[in-house]
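Student: I would like to go through this structure and ask what stands behind the words used for it. Please set each value against its cut-off.

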Amino acid sequence: MKFSDLVKKRQSVREYLDKPVEREKVEHCLEAARLAPSANNSQPWSFIVIDDLKLKEAVARKTFDRVISFNRFSLQAPVLILLLSERPSFFSRIGSAVKDKQFNLIDIGITAEHLCLQAVEEGLGTCMLGWFNERGVKKLLNIPSQIRVELIITMGYPVSDEIEPKERKEINQIRSYNSYELQK
Ligand SMILES: Cc1cc2nc3c(=O)[nH]c(=O)nc-3n(C[C@H](O)[C@H](O)[C@H](O)COP(=O)(O)O)c2cc1C
């Protein structure tokens with residue numbers, strides 16, 4: 001698939017078929033994530049794949065509650081991938097402090113998108129979830145206190161192949177050449 005097609009085809013999938021995802025495909029996605037660039041090549045990430053049915057349900061239940069239920073669809077996804085931020089390398093931490101930039105979160109975003117784009121090539125759909133009970137997830141999986149769970153990525157075969165129109169700002173609103181000049 002052409003890269004430009006991959007980018008267009010990737011969308012947040014919130015309805016999944018009741019069909020397991022082959023671990024081989026999950027591994028391809030993780031390999032794409034592993035190859036992502038990072039500040040000082042720090043690779044400040046790790047991944048927990050949850051495909052055990054019971055555990056998956058328990059984790060999915062940490063992404064919504066009775067009041068805020070928009071992530072309830074995660075119950076349907078056959079796989080959840082937790083994206084954890086590990087301690088960045090010494091130089092990345094120094095760089096972040098000196099330059100006042102959260103390099104590790106930039107890195108996490110890049111690896112997450114690598115994973116999601118590879119999923120499209122595998123015929124899979126994903127949705128990144130940033131809204132969940134992190135403390136609850138960490139307790140459930142015995143994740144050490146200093147490690148953050150940044151994202152939960154739902155993964156599975158999409159119910160529909162239809163590509164929804166992308167709601168995005170116009171290019172004039174986000175791009176200028178040679179000076180800061182945006183049309184609001
Ligand atoms: C950091 C991050 C957190 C997100 N959290 C959620 C979430 O908790 N629940 C959800 O349904 N979608 C979540 N999304 C998906 C966005 O809503 C979605 O990417 C955006 O609306 C653009 O739509 P598209 O992915 O279909 O192109 C998240 C996306 C990102 C990048």
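Student: Where does Asn-178 lie?

Tutor: Asn-178 is in the segment after helix H7 (171-174). Keep in mind that this is a predicted model.

Student: Why is Asn-178 called exposed?

Tutor: Its relative accessible area is 84%. Exposed means over 50%, so Asn-178 counts as exposed. Asn-178 also has a positive phi, of about 65°, although it is not a glycine.

Student: Which phi does Asp-100 have?

Tutor: Asp-100 has a positive phi of about 50°, and it is not a glycine either. Asp-100 comes just after H4, in the loop between H4 and H5.

Student: What makes Asp-100 buried or exposed?

Tutor: The relative accessible area of Asp-100 is 69%. The cut-off for exposed is over 50%, and therefore Asp-100 is exposed.

Student: Which residues of helix H4 are buried?

Tutor: In H4, which runs over residues 90-99, the buried residues are Ser-92, Gly-95 and Ser-96. Buried means under 20% relative accessible area.

Student: How do you know on which side of H4 they are?

Tutor: They cover an arc of only 100° around the axis, so they are on the same side of H4. An α-helix has 3.6 residues a turn, so residues three or four places apart point the same way.

Student: What do the buried residues of H4 pack against, and what is on the face turned away?

Tutor: The buried residues pack against helix H5 (103-121). The face turned away from the buried side carries Phe-91, Ala-97 and Val-98, which are exposed.

Student: What about helix H3: which of its residues are buried?

Tutor: H3 covers residues 53-60, and Lys-56, Val-59 and Ala-60 are buried there. Their arc around the axis is only 100°, which means that they are on the same side of H3.

Student: What do the buried residues of H3 pack against?

Tutor: They pack against strand E1 (45-50), strand E2 (79-85), helix H6 (134-140) and strand E4 (148-156).

Student: Why is Leu-140 called partly exposed?

Tutor: Leu-140 is in helix H6, and its relative accessibility is 34%. Buried would need a value under 20%, and exposed a value over 50%. The value of Leu-140 fits neither, so Leu-140 counts as partly exposed.

Student: Which residues is Leu-140 in contact with, beyond its neighbours within four places in sequence?

Tutor: Those residues are Ala-58, Val-59 and Lys-62. Contact means heavy atoms within 4.5 Å. The C-alpha atoms of Leu-140 and Lys-62 are 9.5 Å apart in space, while the two residues are 78 residues apart in sequence.

Student: What makes Ser-145 buried or exposed?

Tutor: Ser-145 has a relative accessible area of 66%. The cut-off is over 50%, so Ser-145 is exposed. Its place is in the loop between H6 and E4. From Ser-145 to Arg-135 there are 10 residues in sequence and 8.9 Å in space, C-alpha to C-alpha.

Student: Why is Trp-45 called buried?

Tutor: Trp-45, in strand E1, has a relative accessible area of 9%. Buried means under 20%, so Trp-45 is buried.

Student: Which residues is Trp-45 in contact with, leaving aside its neighbours within four places in sequence?

Tutor: Among them are Ala-33, Pro-37, Leu-83, Leu-84, Ile-108 and Thr-111. Trp-45 and Ile-147 are 102 residues apart along the chain, and their C-alpha atoms are separated by 9.6 Å.

Student: Turning to the ligand, how many residues surround it, and which are closest?

Tutor: The ligand is surrounded by 14 residues, of which Ser-12, Arg-14, Asn-71, Met-128 and Arg-168 are the closest. By class, 7 are nonpolar, 4 polar and 3 charged. Strand E3 (residues 125-129) gives the most to this shell, with 3 residues.

Student: What makes the pair of Asn-71 and the ligand a polar contact?

Tutor: A polar side-chain atom of Asn-71 is 2.7 Å from a nitrogen atom of the ligand. The limit is 3.5 Å between N or O atoms, so the pair counts as a polar contact. Arg-10 has a polar side-chain atom 3.0 Å from an oxygen atom of the ligand. At Gly-130 a polar backbone atom is 2.9 Å from a nitrogen atom of the ligand. The protein covers 60% of the 620 Å² of accessible area that the ligand has on its own.

Terms used. Residues numbered from 1 in each chain as written. Predicted model: local features only at pLDDT ≥ 70, side-chain atom pairs only at ≥ 80, totals over all residues. Heavy atoms only, no water. Near = heavy atom within 4 Å. Polar contact = N/O pair within 3.5 Å; in protein donor to acceptor, adjacent residues only side chain to side chain. Areas by Shrake-Rupley, 256 points an atom, 1.4 Å probe, with all protein chains shown as cover. Helix = DSSP H or I, 4+ residues; strand = E, 2+ residues; numbered from the N terminus. Nonpolar A, V, L, I, M, F, W, Y, C, P; charged D, E, K, R; others polar. Buried < 20%, exposed > 50% of the residue type's maximum accessible area, 1.4 Å probe, protein only. Arc of directions from axis to C-beta.
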